[in-house]
Protein chains: 2
Amino acid sequence: MSDPTILIVDDEPAIRDMIGITLDLAGFNSMSAETAHQAHVAIVDSRPDLVLLDWMLPGGSGIELARRLKRDELTSTLPIIMLTAKTSEDNKVQGLDVGVDDYVTKPFSPRELVARIKAVLRRSSGTQQDKVIRVFDLQLDPSSHRVTIEDTPVDMGPTEFKLLKFFMSHQEKVFSRDHIQDQVWGGNVYLEERTIDVHIRRLRKALSSIEPTSINYARLIQTVRGAGYRFSVKPA
Amino acid sequence: MSDPTILIVDDEPAIRDMIGITLDLAGFNSMSAETAHQAHVAIVDSRPDLVLLDWMLPGGSGIELARRLKRDELTSTLPIIMLTAKTSEDNKVQGLDVGVDDYVTKPFSPRELVARIKAVLRRSSGTQQDKVIRVFDLQLDPSSHRVTIEDTPVDMGPTEFKLLKFFMSHQEKVFSRDHIQDQVWGGNVYLEERTIDVHIRRLRKALSSIEPTSINYARLIQTVRGAGYRFSVKPA
DNA sequence: ATATAATATTACAGTGGTGTGACAGGAGTA
DNA sequence: TACTCCTGTCACACCACTGTAATATTATAT
C-alpha cells in the first residue's frame, strides 16, 4: 500500500502548514482544508485515509462535521483524530461520544501526533479495511490484494478488484451507477455511465472463469433494472 | 421521487439557455433567474433542489447572494454550485469559505456540469433513511430495492416496485388514478387512465406468483369502484 | 333482466436499459 | 523500443418493460 493520505482541517494557516510539514517528514501525504465544507468536499473527492479535525472550527462546525461523517455509512469508517486546545474532560467525552477515534490536545509534539496517527491507522486497518471478506467460498483479501474461489486465485484488474471489494463490503444494497462511480473511481472523475457496465461485465467474467466447481459467483452481482447493481447472496 | 429542479442564475441569456438545455437533456427540471433579486424570489417561491450561481453577477451580487442564502436558516441547506470564469485559487477558497458546495469554472463541459450537480445532490440528500416496510410476511426494502414474501424474492418491474412502495407507505387510504399517477409517475406525464389498471394488474400478478404458501398478498391491493385503489390489511 | 358504466385481462409493438465484443490509447515493464 | 496489461468508450444486439388499444368481465342502475 502506498503512503497514507491525511487530511488536515484547521482554519489557521500556520497550524495547517506546521502539521503538513510534520506529516510529510513522517512519510505521509497530506492535504488540507480550511472549513468543514471544504473538508467534506475533499473527503468525498479524494478519500483520505485519516482526518485530523480541529475541534474549534469557525461556527463550531468541527464536531458537526465529525458527527456527519460518522453518521453516513460511506464515511463512517474513516478514522478521525480531533485536535483541540481544551483539555477538559467534557470535551473529550463528547468527542469520543461522536465516535471520534482519538484525541490530541494542543499544544502537541510532532512526535506525539505522528505516533497517534500511526496507532489509529494500525488499529483501523487491522479491524476495518484489511479484514478478509468471505462469501461462501469466495474470498477477498484486501491486504494481499487477492481474490480466491475455493483457494484458487481469481485473475482480475485493479478496477474490478476495487469494485468487488466495494460490493462485498456493502452487500444487499442497490447502488446507482453514479454512486458506484463515486465510491470506486472517486468523486471528481467523469465517466460514461456505460463504462460501469463494462467493468461489471469484466468482474462477472472473472468470477465465472473459475467455475464450474460449484455455484456461479457471477450471479451475486445482480442487475437491478432502472436502479443499478447489487451484491446479494439471495437469488435475483 | 420526481426530477430535481435546478435554478440557473446568470445574467447572460445565452449561458442560461445553454445550461438549461444541458440540464433538460440530463433529466432535470430547470428554471432561471437573471439577477440576484430574481433568484432570491425564485428560491423562496419555487424551492429548487440546487442553485447554479454565476460568480460574476452585475454588481458583484453573486457571492453576496450565496452568503445570504447560507446565512439564512431556511435556505442554508440549499446546495449551491458556483460558476466562474476565473480559475484563481483565491476565488475557489473564498467561494468554499462562504459555504458553497462546489465550484465549476467556465468553460466547462456539459458532462462535467451534470456530474458535479449529481454529486452534490447525492451528497446533500444524505443517507437514505428508507426503512423496510413490512406487512405480515410481505417485505419491501428500499435500500436493497427488493420485495420478498416469506424471504422469497418477488420479481417485478421498476414501475410496479414504485407502485407497491407508494401503496405500502400509504396504507388504508384510497387513491384516485390521477393521484397515483402524480405520485408514481410524476406530475408532468400524460397517461391513459387504463394504464394504471394494467400496472395494478401486473403488481397483483407479481404478488400472487409466490403463492400459494399462505395468504394471497394480491388481495391487499383493493379496487374501490368509482374511486381508485387502496392498500389495506382489512378484507374488502 | 337488461343496459350501462367501471374495471380486469390480454395481446402487442415500440422503447429504453443492459449485455457484450471490439478497439484505440495509456501506463507500466522488460 | 516493443510489449503487455488495463482502461474507457463505442456500436450493435437483445430483451424486459412500458403504454395503449381491444376485448372480456364484473358491478351498479334502470
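How far does a polar side-chain atom of Glu160(A) lie from a phosphate oxygen of DNA strand D? Select Glu160(A) and the strand: the distance is 3.4 Å. Keep in mind throughout the tour that this is a predicted model.

**Stop 1: DNA strand D**

Stay with chain A and select Trp185(A). One of its polar side-chain atoms is 2.9 Å from a phosphate oxygen of DNA strand D. Next, pick Pro158(A), where a polar backbone atom lies 3.5 Å from a phosphate oxygen of this strand.

Now show every residue around DNA strand D. There are 24, and the closest are Thr159(A), Arg202(A), Thr159(B), His199(B) and Arg202(B). Colour them by class to see nine nonpolar, six polar and nine charged residues. To place them in the fold, select helices H6 (158-168) and H8 in chain A, then helices H6 (158-168) and H8 in chain B; each supplies at least two residues of this surface. On the DNA side, take the atoms of strand D within 4 Å of the protein: 62% belong to sugar or phosphate, and the rest belong to bases.

**Stop 2: DNA strand C**

Move to DNA strand C and select Thr223 in both chains. In chain A, a polar side-chain atom of Thr223(A) is 2.5 Å from a phosphate oxygen of the strand. In chain B, the corresponding distance for Thr223(B) is 2.3 Å. Add Arg204(B), which has a side-chain N or O atom 3.0 Å from a phosphate oxygen of DNA strand C.

Widen the selection to the 24 residues around DNA strand C; the nearest are Arg201(A), Thr223(A), Arg201(B), Thr223(B) and Tyr229(B). By class, the surface has six nonpolar, four polar and 14 charged residues. Helix H8 (193-209) and strand E11 (221-224), from chain A and from chain B, each supply at least two of its residues. Of the strand C atoms within 4 Å of the protein, 61% are in sugar or phosphate and the others are in bases.

**Stop 3: the two domains of chain A**

Hide the DNA and colour chain A by domain: domain 1 covers 5-129 and domain 2 covers 133-231. Six residues of domain 1 and 10 residues of domain 2 take part in the contact. About 700 Å² is buried between these domains, with carbon and sulfur atoms giving 41% of that area.

Select Asp45(A), Arg47(A) and Leu74(A). These domain 1 residues lose the most area to domain 2, together 60% of what their side buries. The side of domain 1 that touches domain 2 consists of two nonpolar, one polar and three charged residues. Between the two domains there are zero salt bridges and one residue pair in polar contact.

Terms used. Residues are numbered from 1 along each chain as its sequence is written. Chains are lettered from A and ligands numbered from 1 in the order in which they are written. This is a predicted model: local features need pLDDT of at least 70, side-chain atom pairs count only at pLDDT 80 or more; totals for chains, interfaces and linings use all residues. Side-chain values use heavy atoms; hydrogens and water are left out. A residue is near a molecule or strand if one of its heavy atoms lies within 4 Å of it. A polar contact is a pair of N or O atoms within 3.5 Å; within protein, one must be able to donate a hydrogen and the other to accept it, and residues adjacent in sequence count only if both atoms are side-chain atoms. Helices (H or I, at least four residues) and strands (E, at least two) are DSSP runs, numbered from the N terminus. Ala, Val, Leu, Ile, Met, Phe, Trp, Tyr, Cys and Pro count as nonpolar, Asp, Glu, Lys and Arg as charged, and the others, Gly among them, as polar. Domain bounds come from an automatic or database domain assignment. Contact means heavy atoms within 4.5 Å. Buried area is the accessible area (1.4 Å probe) that two parts lose on being put together, summed over both. A salt bridge is a side-chain nitrogen of Lys or Arg within 4 Å of a carboxyl oxygen of Asp or Glu.
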